Amino acid sequence: PARRSSEPPVLEFGRGVRPVSVPEAWPMPEQAVIGSTMIDGVNGRTEVVATFPASVQEAAAYYVTNLPITGFDILRSEGTDGEWVIEFSGQGVTGKVSFKIVGSGASAVTFEFNTE
């Protein structure tokens with residue numbers, strides 16, 4: 001049977017496009033470039049890797065500011081100039097955002113979403 005576009009697939013890898021399983025309210029700055037994506041529909045897990053033209057501190061500050069505004073609770077937020085981790089819950093998911101420096105003024109960000 002054909003699956004509806006709103007249902008996550010069993011396992012799907014993608015690139016460059018926000019997966020359907022990412023909560024609609026999830027904030028994503030326009031400057032972010034989405035790289036690889038993975039949806040594991042069996043285990044209720046989605047992973048998105050993106051690059052931000054910002055330092056780790058700037059990228060983390062964007063999420064510390066915008067997650068509560070869009071309905072997510074920050075459970076933990078800590079790190080250094082070179083890496084940062086934010087754990088969150090809300091909008092039917094729990095997860096983690098990991099930031100790592102990849103160059104001067106650029107950060108790689110990995111988003112992990114787990115369906116509750």
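**Note on a predicted model: Ser107, sheet and core**

1. Ser107 is buried: its relative accessible area is 0%, in a model that is predicted. The cut-off for buried is under 20%, so Ser107 qualifies. This residue is found in strand β7.

2. What does the side chain of Ser107 reach at 2.7 Å? The partner is the backbone oxygen of Ala54. Leaving out residues up to four places away in sequence, Ser107 also touches a set that includes Ala50, Thr51, Phe52, Ser55 and Val56. Lys100, Ile101 and Val102 are among its contacts too.

3. Now the sheet. It is open and has 7 strands, ordered β1-β2-β3-β7-β6-β5-β4, with antiparallel pairing. β1 (11-15) and β4 (73-79) are the edge strands, each pairing on one side only. On average, neighbouring strands are turned by 10° against each other, direction ignored.

4. β6 and β7 run antiparallel and are joined by 10 bridges. Ser98 stands opposite Thr110 in β7. Helix α1 packs on this sheet, where it touches β3, β4, β5, β6 and β7. The direction of α1 makes about 15° with that of β5.

5. The largest nonpolar core has 22 residues. Trp26, Phe52, Tyr63, Phe88, Val97, Phe99 and Phe111 touch the most other members. Two or more residues each come from β3 (45-52), α1 (56-69), β5 (83-90), β6 (93-103) and β7 (106-115). The largest share, 5 residues, is from α1.

6. Phe111 deserves a look. Setting aside neighbours within four places in sequence, Phe111 is in contact with Trp26, Met28, Thr46, Glu47, Val48, Ala50, Phe52, Tyr63, Lys96 and Val97.

Conventions. Residues numbered from 1 in each chain as written. Predicted model: local features only at pLDDT ≥ 70, side-chain atom pairs only at ≥ 80, totals over all residues. Heavy atoms only, no water. Core = buried A, V, L, I, M, F, W, Y, C linked by side-chain atoms within 4.5 Å. Buried < 20%, exposed > 50% of the residue type's maximum accessible area, 1.4 Å probe, protein only. Helix = DSSP H or I, 4+ residues; strand = E, 2+ residues; numbered from the N terminus. Contact = heavy atoms within 4.5 Å. Polar contact = N/O pair within 3.5 Å; in protein donor to acceptor, adjacent residues only side chain to side chain. Pairing = 2+ DSSP bridges. Axes fitted to C-alpha atoms, helices over the stretch in contact; angles between N-to-C directions.
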